[in-house]
Amino acid sequence: MSMTLAVLAAATAVTPAPADAAAARAIIRQCEGKENFSDPAPPARIFGNVWYVGTCNVSVLLITGPQGHILVDAAVEEAVPQILATIRKLGFNPKDIGLIVSSHEHFDHVGGLAALEKATGARFVATAEAAKVIRSGKVSPADPQVQEIHGSRPARVDFALKTGDVFSVGPLKITAFQTPGHTEGSTSWYWKSCEGTDCRTITYVDSLTALPLGTYRFADHPERVAMFRKTFAQVEALECGILLTPHPSASAMFERMSGSEPLADPDACKALAAGARDRLEKALEK
């Protein structure tokens, strides 16, 4: 899988320019000091046919195509009216969304899923592990955060995916790869987008953060630590092209979209994994 990513990412060595730097700067201004998952953010085009339609603190991406669109992540339930309004403002019809995918099964990324499924009629795919949580609406008892976070409205899962599965909406194709740790069902994605003849791999890497809440101790759960370390190694090996993340702050997304930092960095996935590994080691020390 990493070889496939490497081939796609190597399409050109020229750093892509942000598609809508002014809109990204508007996001930064509007979101300054905002901490809620539902705080509204204006939209911005990231690259090619990829649009940011999420909130100040939670990513939602719209990948547009001539025969329908793909929505990546669903944010919190309170943000759904804003997400739908943003999509319409950009000139797209939510009913043309044919597929919804997610990063992981926490309420800040799938809380709005049931409402978005109803509004769009789109199919939804997730891992078998994530599907159990999403269908029940209850946090997994094995989740390191289970003691202090809430579930979400139960939602439909149409297909249980595995690493390497490719999903299409017309000519759009998006590929899943499992990156468990933050949750058992954590999933990352990659696809190709183009601006004219400049085609790029875009890699949406799920949250890698080891965040224990309550009395949870990673030292008591070696299987979870091993899960994280395998995922870190997998992500570190990627040539991820343009890196995007479920929380924009995790990869300085808005800054990169605005042009104040490079949109594409060949070491982005290595840096993301290294930071996550460091946080896990600190959690183990505590």
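This briefing walks through the sheets, cavities and largest pocket of the structure above. Please keep in mind that the model is predicted. Two open sheets come up here, one of seven strands and one of five. The search of the whole structure also turned up two cavities of 30 Å³ or more, and the largest pocket has a volume of about 640 Å³.

**The seven-strand sheet**

- If you trace this open sheet from one side to the other, the strands come in the order E1-E2-E3-E4-E5-E6-E7, and their pairing is mixed.
- Its edges are strand E1 (44-47) and strand E7 (159-161), each of which pairs on one side only.
- On average, neighbouring strands of this sheet are turned by 30° against each other, with direction ignored.
- Inside the sheet, strand E4 (residues 69-72) and strand E5 (residues 97-101) run parallel and are joined by four bridges.
- A handy pair to look for is Val72, which stands opposite Val101 in E5.
- Helix H6 lies across E6 and E7, and H6 runs at about 120° to E6.

**The five-strand sheet**

- Here the order is E8-E9-E10-E11-E12, again in an open sheet with mixed pairing.
- Strand E8 (166-169) and strand E12 (242-244) are the edge strands, and each pairs on one side only.
- From one strand to the next, the twist averages 25°.
- E10 and strand E11 (residues 198-204) run antiparallel, with seven bridges joining them.
- To find this pairing on screen, start from Glu195, whose bridge partner in E11 is Asp198.

**The largest cavity**

- This cavity has a volume of about 60 Å³.
- Its lining is made up of 13 residues, and those nearest the centre are Glu105, Phe107, Val133, Gly151 and Ser152.
- Helix H4 (107-110) and helix H6 (128-136) are the elements that give two or more residues to this lining.
- Sorted by class, the lining holds six nonpolar, five polar and two charged residues.

**The second largest cavity**

- About 40 Å³ of space lies in this one.
- Residues from several parts of the chain line it, including Ser102, Ser103, His104, Glu105, Leu161, Gly185 and Trp189.
- Glu105 is worth a look, as it lies among the residues nearest the centre of the largest cavity and also lines the second largest cavity.
- Strand E6 (123-127) and strand E10 (187-195) each supply at least two residues of the lining.
- E6 provides the largest share, three residues.
- The class count for this lining is five nonpolar, six polar and one charged.

**The largest pocket**

- The pocket, at about 640 Å³, is lined by 36 residues.
- Nearest its centre lie Ser207, Thr209, His247, Ser249 and Ala250.
- The elements that give two or more residues to this lining are H4 and helix H9 (268-285).
- H9 gives the most, with six residues.
- By class, the pocket lining has 16 nonpolar, 14 polar and six charged residues.

**Elements that link these topics**

- H4 gives residues to the lining of the largest cavity and to that of the largest pocket.
- H6 helps to line the largest cavity and lies across two strands of the seven-strand sheet, E6 and E7.
- E10 supplies residues to the lining of the second largest cavity and is joined to E11 by seven bridges.

Key: Residues are numbered from 1 along each chain as its sequence is written. This is a predicted model: local features need pLDDT of at least 70, side-chain atom pairs count only at pLDDT 80 or more; totals for chains, interfaces and linings use all residues. Side-chain values use heavy atoms; hydrogens and water are left out. On a 1 Å grid over the protein atoms alone, a cavity is a set of points where a 1.4 Å probe fits but cannot get out, and a pocket is an open set with protein on both sides within 12 Å along at least five of seven lines; lining residues have an atom within 4 Å of a point. Grid points are joined across faces, edges and corners, and a volume is the space filled by probe spheres set on the points. Ala, Val, Leu, Ile, Met, Phe, Trp, Tyr, Cys and Pro count as nonpolar, Asp, Glu, Lys and Arg as charged, and the others, Gly among them, as polar. Two strands pair if DSSP finds at least two bridges between them. Axes are lines fitted to C-alpha atoms, for helices over the stretch in contact, and angles run from 0 to 180 degrees between N-to-C directions. Contact means heavy atoms within 4.5 Å.
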